[in-house]
Amino acid sequence: MGGLMNRFVSIFRSPTDGLRTKEVKILPSPRAIRKKYPLNPDLDRQILGFRETIKNILDGRDPRFLAIVGPCSVHNEAAVLEYAGRLLKLADRYQSKIFVVIRLCFEKPRTETGWEGAANDWTGDGTCNLAMSMEKSRHLLWKIVKLGLPVAAEALDQVSEQYFSDLLSAAWLGARNAETTTLRRMASAMSMPVGIKNATSGDIGSAVNAIKYIAKSGRAFPGPALNGRVAEIHATGNLDTFLILRGGKRSDYCAGEVEAMEKILREGNVDEQIIKAAANIFSGAIRTNYHPEEIDRAIACYKKAGLRAAVVVDASHGNSLKEHKRQIDVWKAVVQQRCDGNSAIIGGMLESYLKGGAQKHQGQRFSEMDPEISVTDSCLSFAETEEVLDWTYEKMR
């Protein structure tokens with residue numbers, strides 16, 4: 001029946017549309033996949049409780065530090081379950097001072113090319129069997145929720161969100177997507193707290209604007225219903241939001257301006273090494289935004305917008321200068337600021353997995369790769385993660 005329906009769709013494609021579409025396949029509806037791995041009343045209460053805890057941390061009613069910790073991406077079920085089991089033990093050990101949430105990314109945004117996540121290509125070899133990938137991803141997520149861990153994930157589009165959102169305790173919009181109207185609309189209707197990352201440039205204003213947008217009630221937009229049909233969705237607005245500071249990688253100066261600066265310095269007989277260093281600073285050096293003065297600027301941006309400040313610092317990406325072990329220094333600096341009295345800092349994010357570092361994925365099947373090493377961003381090892389959380393527990397009042 002599915003094959004017949006796919007042929008039917010192809011036959012009746014408009015002669016002016018779909019000219020670059022190779023194939024159209026009908027996916028199982030979100031409801032159909034949810035029914036295979038459903039929630040029950042106990043899991044409903046568990047997830048709603050986790051969401052309420054995160055909301056209380058955002059509002060300052062729960063003094064615990066929010067630790068969103070986990071792999072950059074999911075690529076092996078057994079290894080992720082092993083990681084989750086170990087993390088659960090840490091979550092239980094530190095629960096009086098730290099609320100641990102596992103981060104699990106099934107979709108990966110891309111600036112250019114690369115693997116786009118388990119929900120897109122579960123096997124990693126480019127076959128992109130979406131029906132199988134969506135089902136496998138939900139099944140894994142469902143298993144982890146049944147372990148008793150709260151889960152946070154990046155939300156990349158309105159369709160896939162419907163396959164997973166009932167299982168999530170928190171979500172976030174990534175640096176590339178915080179300005180996207182369709183995702184802002186989606187976040188305004190999401191049932192859990194949502195974080196907004198600053199732009200890849202390091203700009204905070206666009207993220208705070210997104211937080212204001214998402215809070216507004218009355219948004220109406222087209223989107224997928226659980227039965228797979230396109231529906232008219234009316235959102236009540238989402239006040240449970242937080243800013244995620246993740247550093248930046250581009251400067252505010254265009255190439256022509258940098259060249260003009262270099263010319264002026266050379267005409268002034270400035271040392272060539274100094275000119276090179278200045279050019280690096282102004283033409284795209286990675287920038288951090290976790291130091292006290294930068295967090296103060298973020299809080300001021302919140303206040304100017306008339307919003308309650310709630311800041312989570314992502315210790316990876318620009319803040320770690322793309323060196324995964326530097327996450328430890330970033331995390332400790334942020335926790336110290338919190339301990340020194342900055343209550344607007346509510347938590348942090350770490351990229352962490354079973355083994356440290358990353359391995360290069362070149363389109364081979366994941367079964368041919370080490371299941372315990374990240375295939376995307378480099379991660380801290382589990383042992384390093386445990387040391388960081390142990391230090392945090394001892395440091396927090």
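These legends describe an overall view and several close-ups of a predicted model.

**Figure 1. Overall view of the predicted protein.** The fold contains 13 helices and 10 strands. The radius of gyration is 22 Å, close to the 21 Å that the globule rule gives for 397 residues, so the protein is as compact as a globular protein of that length. Along its principal axes, the C-alpha trace spans about 75 × 55 × 50 Å. Of the 397 residues, 51% are buried. Consider contacts with a separation of 6 or more: 71% of them join residues 24 or more positions apart.

**Figure 2. Surface and charge of the protein.** The accessible surface comes to about 18,900 Å². Carbon and sulfur atoms account for 51% of that surface. The side chains include 54 positive and 48 negative ones. The centres of these two sets lie 5 Å apart.

**Figure 3. Strand β2 and its pairing with β1.** Strand β2 covers residues 98-103. The strand is mostly covered, with 6 of its 6 residues buried. Ile98, Val100 and Ile102 point one way from β2. Phe99, Val101 and Arg103 point the other way. Both sets are buried, Arg103 included. Strand β1, residues 65-70, pairs with β2 in the parallel sense. The pairing runs over 5 bridges. At one of the positions, Ile68 has Val101 of β2 as its bridge partner.

**Figure 4. Strand β8 between its partners β5 and β9.** Strand β8 covers residues 241-245. Here 5 of the 5 residues are buried, so β8 is largely enclosed by the rest of the structure. Thr241, Leu243 and Leu245 point one way from the strand. Phe242 and Ile244 point the other way, and these are buried too. Strand β5, residues 194-197, pairs with β8 in the parallel sense over 4 bridges. In that pairing, Lys197 stands opposite Ile244. Strand β9, residues 311-314, also pairs with β8 in the parallel sense, over 3 bridges. There, Leu243 stands opposite Val311.

**Figure 5. Close-up of Thr241 in strand β8.** Thr241 has a relative accessible area of 5%. That value is under the 20% cut-off, so Thr241 counts as buried. Leave aside residues up to four places away in sequence. Thr241 then touches Leu58, Val194, Ile211, Ile214, Arg308 and Ala310.

**Figure 6. Close-up of Gln327 in helix α12.** Helix α12 covers residues 327-339. The relative accessibility of Gln327 is 0%, so this residue counts as buried. Neighbours within four places in sequence are set aside here. The remaining contacts of Gln327 are with Ala315, Ser316, Ser320, Met349, Leu350, Glu351, Ser378 and Leu380.

**Figure 7. Close-up of Ile281 in helix α10.** Helix α10 covers residues 272-282. Ile281 has a relative accessible area of 54%. The cut-off for exposed is over 50%, so Ile281 counts as exposed. Lys325 lies 44 residues from Ile281 along the chain. The C-alpha atoms of this pair are separated by 22 Å.

Terms used. Residues numbered from 1 in each chain as written. Predicted model: local features only at pLDDT ≥ 70, side-chain atom pairs only at ≥ 80, totals over all residues. Heavy atoms only, no water. Helix = DSSP H or I, 4+ residues; strand = E, 2+ residues; numbered from the N terminus. Buried < 20%, exposed > 50% of the residue type's maximum accessible area, 1.4 Å probe, protein only. Rg over C-alpha atoms; globule rule 2.2 N^0.38 Å. Contact = heavy atoms within 4.5 Å. Areas by Shrake-Rupley, 256 points an atom, 1.4 Å probe, with all protein chains shown as cover. Lys, Arg positive; Asp, Glu negative; His and termini not counted. Charge placed at Lys NZ, Arg CZ, Asp CG, Glu CD. Pairing = 2+ DSSP bridges.
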